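Today I am opening a new model to look at its empty spaces and its ligand. My notes follow in the order I looked things up.

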Amino acid sequence: MGKLQDKVAVITGGASGIGAATARLFVSEGAKVVLVDLNEEKGKAFESELKALNADALFVKANITSEEEVANIFTQTIEKFGKVDIVFNNAGIGRVHPTHELDYAEWRQTVNVDLDGVFLVAREAIREMLKAGGGAIVNTASMYGWVGSPGSAAYNAAKGGVVNLTRSLALEYAEQNIRVNALCPGFIDTPIIPEESKLALAAATPVKRLGKAEEMAKAVLFLASDDSSYMTGNSLTVDGGYTAQ
Ligand SMILES: NC(=O)c1ccc[n+]([C@@H]2O[C@H](COP(=O)([O-])OP(=O)(O)OC[C@H]3O[C@@H](n4cnc5c(N)ncnc54)[C@H](O)[C@@H]3O)[C@@H](O)[C@H]2O)c1
């Protein structure tokens, strides 16, 4: 039996990168997955790919910054699968700009997706989990929730916010059997990292390579499954040693 046998998992940013790798691993562990993404083409293609492997998968197009669209994710999940056990709150965007050249609109867009969106999805997840008597939420923050870096003020501020949002929600709902943890990836080889930056980011990492989305998925599986049943409020850093420097 898989570690997530018959569990229902909602995965935002599920069409690409860390979200897609996690969906594959969750399915292999017996979960039914709801793939949420703005990118309908990629999301639908991935849904078909998983279904062809006999997995239970549903794609829901949603922008995590819209209250209505986030509510609809959960309505559709309950309609199709009847419950929500796990939410991998993972969709995000990243941009690099010197702060003195950063438009307020871009600051707001980054914080809107990377922090407000995480709140909106977590709030809706908690509403369902309170009805069901528990669940597990894994938020994707970043190692930049722990340390700073030049040129990413909005992203880093939002990710730091996700780390402390995670602690706060964990404490607020601990007695309701809802565990809330975060994943803090280092530099991971996904489309969010521009091709031209990859060599330099690998060189800046103690293990001298980028991480793989599949390596993140294993950490998410740990945080989402009963293997981490005594963990809540934690932010797990998986970064090839970057923040140990
Ligand atoms: N790759 C890295 O190096 C790295 C490092 C630290 C943290 N992260 C975080 O990991 C998460 C996943 O990123 P990834 O590396 O897999 O990148 P990715 O670009 O491959 O995947 C992100 C997905 O989120 C979706 N998305 C973006 N905005 C959305 C919105 N408003 N509503 C719904 N979907 C939206 C995108 O369409 C995309 O499919 C992000 O939160 C990112 O900040 C990534």
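**Entry 1: the largest pocket.** I began with the lining of the largest pocket and counted 46 residues; nearest to its centre are G92, I93, G94, Y155 and I192. A reminder to myself: this is a predicted model. The volume of the largest pocket came out at about 1,200 Å³.

Next I asked myself which elements each supply at least two residues of that lining. I found α1, β2 (32-37), α4 (104-132) and α5. Of these, α4 gives the largest share of the lining, with three residues. Sorting the lining of the largest pocket by class gave me 23 nonpolar, 19 polar and four charged residues.

**Entry 2: the ligand.** What takes up the space of the largest pocket? I checked, and the ligand does. Around the ligand I find 27 residues, with S16, I18, D37, Y155 and T190 the closest. Y155 thus turns up again, having been listed among the residues nearest the centre of the largest pocket.

I then looked at which elements feed this shell: α1 (17-28) and α5 (153-173) each bring at least two residues to it. By class, the shell around the ligand holds 15 nonpolar, ten polar and two charged residues.

**Entry 3: polar atoms at the ligand.** I went through some atom pairs here. S16 places a polar side-chain atom 2.5 Å from a ligand oxygen atom. For I188, a backbone N or O atom sits 2.8 Å from an oxygen atom of the ligand. I64 also uses its backbone: one of its polar atoms there is 3.0 Å from a nitrogen atom of the ligand. How much of the ligand's area does the protein bury? On its own the ligand exposes 830 Å², and 92% of that is buried by the protein.

**Entry 4: the second largest pocket.** I moved on to the second largest pocket, which has a volume of about 230 Å³. Its lining has 14 residues, and K7, G135, A136, A224 and D226 are the closest to the centre. The classes here are four nonpolar, five polar and five charged residues.

**Entry 5: the cavity.** Rolling a probe the size of a water molecule over the atoms shows where empty space is left. How many cavities of 30 Å³ or more does the structure hold? I found one, and the largest cavity contains about 60 Å³ of space.

I wrote down the lining of the largest cavity in full: R95, V96, H97, L102, E106, W107, T110, G151, S152, A153, A154 and Y155. Two elements, α4 and α5, give two or more residues each to this lining. Its classes are six nonpolar, four polar and two charged residues.

**Last jotting.** I marked Y155 for another look on screen: Y155 is among the residues closest to the ligand, and Y155 also helps line the largest cavity.

Key: Residues are numbered from 1 along each chain as its sequence is written. This is a predicted model: local features need pLDDT of at least 70, side-chain atom pairs count only at pLDDT 80 or more; totals for chains, interfaces and linings use all residues. Side-chain values use heavy atoms; hydrogens and water are left out. A residue is near a molecule or strand if one of its heavy atoms lies within 4 Å of it. A polar contact is a pair of N or O atoms within 3.5 Å; within protein, one must be able to donate a hydrogen and the other to accept it, and residues adjacent in sequence count only if both atoms are side-chain atoms. Accessible areas come from the Shrake-Rupley method with a 1.4 Å probe; for residues, only the protein chains shown count as cover. On a 1 Å grid over the protein atoms alone, a cavity is a set of points where a 1.4 Å probe fits but cannot get out, and a pocket is an open set with protein on both sides within 12 Å along at least five of seven lines; lining residues have an atom within 4 Å of a point. A molecule sits in a cavity or pocket if more than half of its atoms lie within 2 Å of its grid points. Helices (H or I, at least four residues) and strands (E, at least two) are DSSP runs, numbered from the N terminus. Ala, Val, Leu, Ile, Met, Phe, Trp, Tyr, Cys and Pro count as nonpolar, Asp, Glu, Lys and Arg as charged, and the others, Gly among them, as polar. Grid points are joined across faces, edges and corners, and a volume is the space filled by probe spheres set on the points.
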